[in-house]
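Biologist: Please take a close look at a single part of this predicted model, and describe in one connected answer how its strands pair and what borders the pocket beside them.

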Amino acid sequence: MRSGRIYLTEGRGTGYGQSPAWPQRWGAGLAAASCCLLMLAAIDANLSGLVQSVPHREVNSIKLFTPPPVVPPEPLSQRIEVERPPASQAGKSASEAKKTRIQEQVAGKAISRPTTLSRSAPAAPTILQPSILPSQTKPSPPKPEVNPVQVADDKKASALASYQRLIWARIAARKPKGLHLSGLAMVRFAVSRDGNLTSVELASSSGNSALDKLALRTVRNASPFPAPPVNLETDQLIFTIPFSFH
Amino acid sequence: MITMPYAAPCVAPATRATNGATEKNSIFLARLNRGFSLSAFAAALAFFPISPASAQDQIILPEIDVDSVNVEAPTISGERISSSRIRDHRASSSDTAAILQSVPGVSGFGAGGFSTLPVIRGLEAQRLTVLVDGVAIASACPNDMNPPLSYTDPQTVEAIDVITGVSPVSYGGDSIGGIIRVESAPPRFAKQGETLLTGEVSAFYRSNGDGFGGSLALTAANDKLSLTYNGSYTQADNFEGGGSLGTVRSSEYAKTDHSLNFAAQLGTGLLELKGGYHSAPYEGFPNQYMDMTSNKSWFLNGHYAGIFDWGNLDVRANWRDTDHVMNFLDDKGGTATGGMPMNTEVHSAGYAVQADILLGGAGTLRLGNEFQHQWLNDYWPPVEGHMMMGPNSFINVNGAKRDRLGTFLEWEKSWDRGLTLIAGIRNDQVWMNTGTVSPYGTGMMQMPDVMAAAAFNAADRKRHDSNWSGSLLARYTLSSHAEIEWGYARKVRSPNIYERYSWGRGAMASRMIGWFGDGNGYVGNLALRPEKADTLSAALSIHGGGKDGWLLKIAPYYTRVDDYIDAVKLADFTDMMGNPTPFDQLQFVNQKAEIYGIDLSGSVPLWTSSSAGTARLTARASWLHGENLTDGGPLYHQMPFNAALGLEHRIGDLETRIDLSYVSEKDRVDPTRNEPQTESYALLDVQLAYRIDNVRLTLGANNLFDKAYFAPLGGMSLGDLKATGALRPVPGRGRSVNAGVTLSF
């Protein structure tokens, strides 16, 4: 009888690590938790403020090679790094790039569908050039000086390219973990003038609803995006992004 | 990897046709090879023509590559042991915990052939979170002979995550140390309209101790349902120590594991139901007074992983029953005269629910709740005609229960600038209770136990702990070559059933308690408080040259544990004649402890050429200092400085590995436990692996030079003591030539 009591008193009060009574412990715990949350909220607010300034800078600049904020998958960057086109090529107009791309599709693909392409000709896709993809292995070289006599079109193209890269990086940074399933889901989404996501839909299904959902929600979760460059005269930008699950 | 069934056939011709295209084309096609397909665009455009309202340029972004196979550990302080690395060890070890020791900061105390107890940064098994397929496995033995990892077999394990530093609270509660997560292969499904029938058979032989074993994995699946069987068997005789150290008695073992995993693709996610059976007919423990003479365990786990617009929902339910029997194998006297039967039964069941809620720009919020119930009965039947062990059963633990309700809230956010923050708080409510106990009998020789039982039965045995934990982890990308991680955690762990409820004070009864392999006897303590650890850990990772480039990791840490459960001496053990023995009777008590140290690891590519293959050098080193701040002495079972150097070479289908490991002298030993000092040693292992089509052959040797050594955490060789009367630490394993074959189909 007595020894049992002794055990108990030892456990509750004496000795080095005195454990406080019940209400105190809960109180302390709750206080610590709220302090933690407050602190985190403060950090969050601060950092978000810092980050928001970044897109604005990007919009005004015509630099194509700003180092990326987010690290893309490794093998991709290696290739790009080696084959980055010279600075002069960077200013290539969007329409030119588009044309090349279509030709590639027709000529390069044995089973291409010319009818399909011509039908959708007015909305022919502008494929983001790999050259504007962020590079990981080496910080990008200093941006080339822009010739002051360059036309507005060039500015527009490079601003758009820069914006595309930003959008891609934002989505890539939020990419989910795979589900050990294979499939390619294409998500089409529209971004309004103020950077809001105005629509998001499945352009083609992966064949698995969970993967489709994962792709859709990744884009949704990356929004709102930074506002697109002001010199683009469109009301909204439409992007299509493929998610390759494996 | 085929990404789209109808696009796949188009990719290859497209690639060939444009081989001679411009530089820019080849860049683009390089991307194509990674799974991005032109026909996917075509298909997308064909099926979803752009409406005239938005008749404008549609911009196609590069693909996002979502890989399911993780190669990276979730934190910088830690490693993910991939399936290929585990495969390299299959032929050489049946002990999953032994494989973990290739991670810097991880060591292990020797126990049975497949029951090594892992130690991470100086904190041992009971203080770690060990999850097998997401489920904790409750200990079911006074000597911890059947720890969670003993239910896994390297032959069927897919990958293991080890977190040595601070871990997020969502990874588990009721532990103060690192995390070990063992994963079996995820369910495989066929492509739409197809059926998948696949599998793997493997077998191995080890010359030292004539160990052999085999495994079989079979999967049958369509695109919605998948059924997988996994089975393995392994056995070995007593092994030989290195040099002239001779046979190590009581080191034989045999076990078999079987599981059936049923998985179904639902509209919202994945449902899995996995059941299994484990049986170990015998496992010798060279550093315990007892051997395991039977361990049978049945389990059933349910798992649902749902994908929703708002985030993920993960639900698990688990049930496991274990019947564990200890007695003497032949080296310790056998059971012809009854031996000393000790039976333990455990029922455990629980659930865990976790929701990951996506908050858009504000990050991810994780909410979780889990409940784990453990019921344990431990009784030692009487031995006929034995004065000490009769006339009644010794009731060691009478229907003890340990219930834990854990709840956590965690927030994770990544900023575009390269900062990721994970912060969380957690509460674990632990309720414990146990019934009254009784000794074998009330004879003169049994008096210490009679008195102890009376005191124990009179005491209030109900315990309730409310344990608050919290962790804060920050990771920052300094540049494309460097990342830094910093973490602080306060984690709390309640004592286990044996630490609180072991009560026997007789010499024999207390010697049956303890998982330390030191020959001492342990007495529980009802007054134990939960252990509270404050840990600071940092890790710097510097790397370059991409996936096959160089890497250097530096990870220092500091842990201070309040109410660290250590032991103090109660009495000397004497032999029959009243002469002193090298062992003591100890009791668990709360003390204070601190551990600090540093782990280093790195690798560098040596050469790559078509004629000489590729070669890579890897290295790791760990140092730590553990001190009991209450008595000022060293903590028990702290690994001395150790380092390893590895050379990997691959040419064609031939892979070669040469590993040199070094462990320095252990001169800081815990006097309370009579811990032995051990000499420094270096071991050389080599392995060749060759692949022909779907057959993989391995041939290797561990401890090639048959070096005689004593592992610093190997414990005292009690099996040998009983047979020879001479006490020594457990010798390390001598040379073993291992051969293995794996066939995939």
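**Hairpins and a pocket in chain B**

Modeller: In the hairpin that strand 26 of chain B makes with strand 27 of chain B, five residues lie between the strands, and among the residues of this hairpin Gly578(B) has a positive phi near 90°. The two strands, of which strand 27 spans residues 580–609, run antiparallel and are joined by 20 bridges. Within this pairing, Pro556(B) is placed opposite Ile598(B) of strand 27 of chain B.

Strand 26 of chain B (residues 550–574) also pairs in the antiparallel sense with strand 25 of chain B (residues 531–544), here over 11 bridges. In that pairing Ser537(B) has Tyr557(B), in strand 26 of chain B, as its bridge partner. Strands 25 and 26 of chain B likewise form a hairpin with five residues between them, and in its turn Gly545(B) adopts a positive phi of about 85°.

As for the pocket, the second largest one in this predicted model holds about 1100 Å³ of space. Its lining is made up of 36 residues, and those closest to the centre are Ala507(B), Met508(B), Arg511(B), Thr574(B) and Met576(B). Strand 26 and strand 27 of chain B are among the elements that give two or more residues to this lining, together with helix 6 (447–458), helix 8 (507–511) and helix 9 (718–724) of chain B. By residue class, the lining of the second largest pocket comprises 20 nonpolar, nine polar and seven charged residues.

Note on methods:
Residues numbered from 1 in each chain as written. Chains lettered and ligands numbered in written order. Predicted model: local features only at pLDDT ≥ 70, side-chain atom pairs only at ≥ 80, totals over all residues. Heavy atoms only, no water. Pairing = 2+ DSSP bridges. Helix = DSSP H or I, 4+ residues; strand = E, 2+ residues; numbered from the N terminus. 1 Å grid on protein atoms, 1.4 Å probe; cavity = no way out; pocket = protein on both sides within 12 Å on 5 of 7 lines; lining within 4 Å. Points joined across faces, edges and corners; volume = space filled by probe spheres on them. Nonpolar A, V, L, I, M, F, W, Y, C, P; charged D, E, K, R; others polar.
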